[in-house]
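Here's a quick briefing to read with the model open. It starts with the ligand site, then moves on to a long-range contact and a couple of backbone oddities.

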Amino acid sequence: MISTTPHPATGSIKLANKPTPTGPDELKKAILSLLASGRGDEALALCNSILKHEPDNLAAKQGAEWVLTQLVPLWHVPMMNEYERNKAFHDGMAALITPDKVVFEIGAGSGLLAMMAAKLGAKKVVTCEAVSLIAETARQIVERNGLHSQVTVLAKPSSEVRIGVDLPAKADILVHEVFSSELLGEHVLPSIEDAKARLLKPGGAVLPAAAGVMIALVGGDTLGKNLYVDESFGFDLRAFNAINPRKRPIYREDLAPTLMSDAVEAFQFDFQNDSSFPAAQKTIDITSTQAGLCYGVIQWIRVDMVEGVRFENHPGQPRAVSNWQHTIYSFMEPVQLVAGDVLAINATHDRTRPWFELAQAAALRQ
Ligand SMILES: C[S@@+](CC[C@H](N)C(=O)[O-])C[C@H]1O[C@@H](n2cnc3c(N)ncnc32)[C@H](O)[C@@H]1O
């Protein structure tokens with residue numbers, strides 16, 4: 001039931017010196033305002049303080065759940081459980097870490113990679129986490145695993161980490177895993193530019209050393225039925241395609257995509273050797289390897305830890321647990337292909353998002 005009377009939790013949480021919100025609309029406004037000013041932890045504490053006195057307050061329950069979805073994206077748990085990802089990071093770090101090495105990590109999450117680095121014998125591991133609720137949880141996890149003397153978790157974004165304050169000196173190894181499903185969405189490029197310039201010794205190792213945004217032409221009947229409408233139940237519904245959004249994440253293989261070309265690395269980022277990663281635009285010719293309707297391109301990621309240690313969530317190799325989705329960029333209209341047809345794909349990224357579309361001029365060449 002939703003409360004209409006003031007509740008007793010008026011102690012520590014105030015919004016600009018106003019009393020704690022009472023009704024659901026007021027609570028919603030308070031949560032939005034706290035989240036917008038980067039005070040998600042306080043929004044959660046506010047909901048929890050209401051629930052302490054009114055355990056059945058649905059607005060507070062839903063508010064707390066909504067705040068958690070904003071602060072702790074749902075990919076965290078599958079990511080922690082993704083063996084292939086974890087093994088690739090482990091093997092990459094094993095090739096670099098020796099007892100004299102200080103490791104700095106961007107993005108602690110649960111603290112998993114930082115603890116791996118400590119177990120592999122690093123002299124010291126300093127990791128930072130932008131979401132303070134996650135940072136506090138990582139500290140508890142590190143402590144529970146008995147690694148708190150080796151691993152320090154800073155509750156701040158990497159851009160606010162200071163040498164001499166948070167890190168005694170520049171690190172020997174920079175570890176990062178702030179990759180979204182499209183690689184760039186968690187601002188990995190500016191974070192690495194900044195960390196390499198300020199927090200890593202000249203010539204220090206970066207792990208992963210490189211990563212790429214991968215694409216291939218894609219088709220498949222089930223996928224097609226989820227991307228385009230033609231005639232349905234005797235009615236011509238094709239005009240709806242013009243307003244259907246063209247970019248769609250797919251969860252593992254739920255829509256049974258069929259790859260219609262070899263894989264192409266649309267963008268490659270050499271984190272080890274480059275110090276800046278500008279926006280880019282190119283046209284990529286992709287040759288069809290089979291006949292059929294092509295609906296667009298499917299995108300995934302490839303991560304090179306060190307020489308010889310690679311992780312890739314290739315759509316042709318589905319896994320039971322996977323935190324990175326595949327993304328479909330559909331064409332305005334499906335294109336009928338025969339094997340050997342070449343499609344020109346315009347590929348762009350603005351440092352935080354890639355985008356793929358059929359090049360207008362040279363759409364289909366034999
Ligand atoms: C993809 S998770 C990886 C967590 C952990 N490193 C692992 O691999 O299991 C990335 C985490 O980094 C945090 N993060 C992203 N960019 C960050 C930055 N520039 N500084 C600090 N934390 C960051 C996110 O909040 C998220 O918890």
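The ligand sits in the largest pocket. Keep in mind that this is a predicted model. The protein covers much of the ligand's surface, so the site is a good place to start looking around. 

**Around the ligand**
- The shell around the ligand holds 22 residues, of which Arg85, Glu105, Gly107, Glu129 and Ser158 come nearest.
- Sorted by class, that shell has 11 nonpolar, 5 polar and 6 charged residues.
- Two of the contributors to the shell are helix 4 (76-80) and strand 1 (102-106), each supplying at least two residues.

**Polar contacts to the ligand**
- On the side-chain front, an N or O atom of glutamate 129 is 2.7 Å from an oxygen atom of the ligand.
- Alanine 130 joins in through its backbone, with an N or O atom 3.0 Å from a nitrogen atom of the ligand.
- Serine 158 also uses its backbone, where an N or O atom lies 2.9 Å from a nitrogen atom of the ligand.
- As for burial, the ligand on its own has 600 Å² of accessible area, and the protein covers 93% of that.

**Salt bridges**
- The model has 18 salt bridges by the rule used here.
- One of them pairs the side chains of glutamate 82 and arginine 319, at 3.7 Å from N to O.
- Glutamate 82 is in the loop between helix 4 and helix 5 (83-96), while arginine 319 is in the loop between strand 14 (309-312) and strand 15 (326-337), so this pair ties together parts that are 237 residues apart in sequence.

**Backbone oddities**
- Most peptide bonds are trans, and most residues other than glycine have a negative phi.
- The peptide bond from leucine 207 to proline 208 is cis, its omega being near 0°.
- You'll find proline 208 in the loop between strand 5 (200-207) and strand 6 (210-219).
- Alanine 256 has a positive phi, near 45°, despite being a residue other than glycine.
- Look for alanine 256 in the loop that runs between strand 9 (247-250) and strand 10 (258-259).

Key. Residues numbered from 1 in each chain as written. Predicted model: local features only at pLDDT ≥ 70, side-chain atom pairs only at ≥ 80, totals over all residues. Heavy atoms only, no water. Near = heavy atom within 4 Å. Polar contact = N/O pair within 3.5 Å; in protein donor to acceptor, adjacent residues only side chain to side chain. Areas by Shrake-Rupley, 256 points an atom, 1.4 Å probe, with all protein chains shown as cover. 1 Å grid on protein atoms, 1.4 Å probe; cavity = no way out; pocket = protein on both sides within 12 Å on 5 of 7 lines; lining within 4 Å. Sits in = over half its atoms within 2 Å of the grid points. Helix = DSSP H or I, 4+ residues; strand = E, 2+ residues; numbered from the N terminus. Nonpolar A, V, L, I, M, F, W, Y, C, P; charged D, E, K, R; others polar. Salt bridge = Lys/Arg side-chain N within 4 Å of Asp/Glu carboxyl O.
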